[in-house]
Amino acid sequence: MQIDFATSRQSTLGVEWELALVNARTGELVSVANEVLSGVKAKHPELNEDDEHPHIKRELLLNTVELVTGICETVKEAKEDLRRSVEAVRDVTDPMGVELFCAGSHPFSPPQLQPVTDKQRYAKLIDRTQWWGRQMVIYGVHVHIGLDRRDKALPVLDGLVNYFPHFQALSASSPFWGGEDTGYASQRALMFQQLPTAGLPFQFGTWAEYESYVQDMFTTGVIDTLSEIRWDIRPVPALGTIEMRICDGLATLEEVGAIAALTQCLVDEFSSTLDAGGSIPTMPPWHVQENKWRAARYGMDAIIILDAANNEMLVTDHLLETLNRLEPVAAKLGCSDELADVEKIIARGAGYQRQRRVAAEHGGDLQAVVLDLVRQMRQGPDA
């Protein structure tokens with residue numbers, strides 16, 4: 001199987017932000033995505049009857065809308081694109097008494113009671129995955145970064161795998177599940193990997209090996225489309241990008257921008273290394289798997305494995321070293337302010353830490369947690 005890789009401008013980006021729809025008073029999930037999307041579309045008469053809004057889309061569950069940017073040159077541009085989409089959705093949801101919030105999971109709404117969007121591919125997914133599929137009441141942030149040639153895709157994937165626990169820890173925001181504290185920073189990370197072809201990516205030495213893998217997946221009926229390979233990091237040949245899918249849902253636009261900037265800077269750094277004839281080190285898969293578990297369990301307190309020599313460090317300490325190293329890259333890409341916002345996440349705490357603080361302040365009331373997430377999305381994390 002030959003898989004062509006589209007041409008992209010190096011280090012351009014696009015962002016996908018999955019948002020939950022909740023009752024403004026109770027914080028319960030509400031399955032009104034069809035009404036919301038119809039309302040948004042009604043405000044855009046230029047769209048044909050069968051067209052979706054280009055930046056506001058449906059997702060697996062009827063309690064979810066997904067905001068998708070266009071191709072952006074800078075993180076600032078991507079944030080502005082998302083801000084406009086949020087405003088367009090709020091024009092519809094505010095009169096409905098519906099609020100928006102984002103985290104890796106909803107703290108208390110029962111997963112099994114959430115209806116699925118009426119699309120054949122979603123029905124097929126649920127039919128195949130059964131109980132696990134019905135648990136997928138999860139929300140994430142995906143960042144696409146453009147690559148200017150195909151041969152960079154797999155080495156850049158390898159490089160991002162080394163930073164998997166950093167992104168997982170920064171974004172971890174799903175400590176609660178079905179009304180209980182799971183003890184994990186990211187329940188979503190371990191839940192999502194139960195789907196076929198989800199979880200950590202395989203790492204291939206050549207593009208031909210990747211093509212052979214994809215051919216095997218088609219031949220054995222594991223997938224029907226390339227998009228059904230749901231790795232935490234994956235090449236997207238049709239777009240000419242590498243897609244970072246690790247992150248739990250992020251509560252604020254500031255945090256989305258911080259994660260996008262860190263992704264863009266790392267990919268650009270890897271790209272420059274490859275352009276200069278260098279190589280990107282990899283770690284044994286058992287280290288990678290352990291790092292994922294540690295970051296999902298301990299979040300910002302995770303001691304992560306740095307390299308094949310078994311060196312370890314607290315993830316936040318290594319993040320600060322990484323941010324200092326990436327400052328010149330951020331200056332070149334015009335995202336210095338957004339990269340600096342990563343330090344704000346470290347200082348104030350990741351989403352899971354803030355959720356647990358709010359729960360403790362309100363005697364374990366998880367409704368208060370959701371309403372605080374609603375407030376953060378409207379006012380920012382420090383309001």
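Is Y213 buried or exposed, and what is its relative accessible area? In the predicted model analysed here, Y213 is buried, with a relative accessible area of 11%. F204 is likewise assigned to the buried class, its relative accessible area being 14%.

The aromatic residues were examined next. Over the whole structure, the search returns 13 aromatic pairs. In one of them, the ring centres of F204 and Y213 are separated by 5.6 Å and the ring planes meet at 45°, so the pair is classed as tilted, given that planes under 30 degrees apart would count as stacked and planes over 60 as edge-to-face. The rings of F204 and W231 also form a pair, with centres 6.2 Å apart and planes at 35°, and this pair is therefore tilted. Because F204 belongs to the loop between α6 (187-192) and α7 (207-219), while W231 belongs to the loop between α7 and β8 (233-236), the pair ties together parts that are 27 residues apart in sequence. Both F204 and W231 are buried. These residues belong to a cluster in which ring pairs link F5, F202, F204, W207, Y210, Y213 and W231.

Charged groups also lie over aromatic rings in this model. R188 is placed over the face of F192, at 5.8 Å from the ring centre, and the charged end of R297 sits over the ring of Y184, 6.0 Å from the centre of that ring.

The loop between α6 and α7, which holds F204, also contains G199. G199 is buried, with a relative accessible area of 1%, and, when neighbours within four places in sequence are left aside, G199 is in contact with Q193, R230, W231, D232 and K292. W231 is thus a contact of G199 as well as a ring partner of F204. Between G199 and S8, the separation is 191 residues in sequence and 26 Å in space, taken from C-alpha to C-alpha.

With regard to nonpolar packing, the largest nonpolar core comprises 91 residues, among which W17, L21, L160, F167, I242, L262 and L339 touch the most other members. Helix α8 (residues 253-275) supplies the largest share of this core, namely eleven residues. For L262, the contacts beyond four places in sequence are F167, L170, L319, L323, L326, L339 and V342; F167 and L339 in this set are also named among the core residues that touch the most other members. A second core, separate from the largest one, contains 28 residues, including L29, F101, A103 and A198.

F167 is also one of the buried residues of helix α5, which are F164, P165, H166, F167, Q168, A169, L170 and S171. Helix α5 (residues 164-171) is mostly covered, eight of its eight residues being buried. Two residues of this helix, A169 and L170, recur among the contacts of A350, which touches A169, L170, A172, M300 and I345 when residues up to four places away in sequence are not counted. A350 is located in the loop between α11 (336-348) and α12 (351-361) and, at 0% relative accessibility, counts as buried. From C-alpha to C-alpha, A350 and H44 are 37 Å apart in space, and they are 306 residues apart in sequence.

I242 connects the description of the core with that of strand β9 (residues 241-244), both faces of which are covered: T241 and E243 on one side and I242 and M244 on the other are all buried. Strand β5 (residues 141-146) is joined to β9 by four bridges in an antiparallel arrangement, with I145 standing opposite I242. Strands β8 and β9 likewise pair in the antiparallel sense over four bridges, and here P235 is the residue opposite I242. The two strands β8 and β9 form a hairpin with four residues between them, and G240 in the turn has a positive phi of about 70°.

Finally, the cysteines were considered. The count of disulfides comes to zero, a pair of cysteine sulfur atoms being required to lie within 2.5 Å. The sulfur of C72 is 13 Å from the closest cysteine sulfur, that of C335, and this is too far for a bond; C72 is buried, with a relative accessible area of 1%. C247 is also in no disulfide, since the nearest cysteine sulfur, in C102, is 11 Å away. C247 counts as buried, at 0% relative accessibility.

Notes
Residues numbered from 1 in each chain as written. Predicted model: local features only at pLDDT ≥ 70, side-chain atom pairs only at ≥ 80, totals over all residues. Heavy atoms only, no water. Phe/Tyr/Trp six-rings, centres within 6.5 Å; stacked < 30°, edge-to-face > 60°. Buried < 20%, exposed > 50% of the residue type's maximum accessible area, 1.4 Å probe, protein only. Lys NZ or Arg CZ within 6 Å of the ring centre and 35° of its normal. Contact = heavy atoms within 4.5 Å. Core = buried A, V, L, I, M, F, W, Y, C linked by side-chain atoms within 4.5 Å. Pairing = 2+ DSSP bridges.
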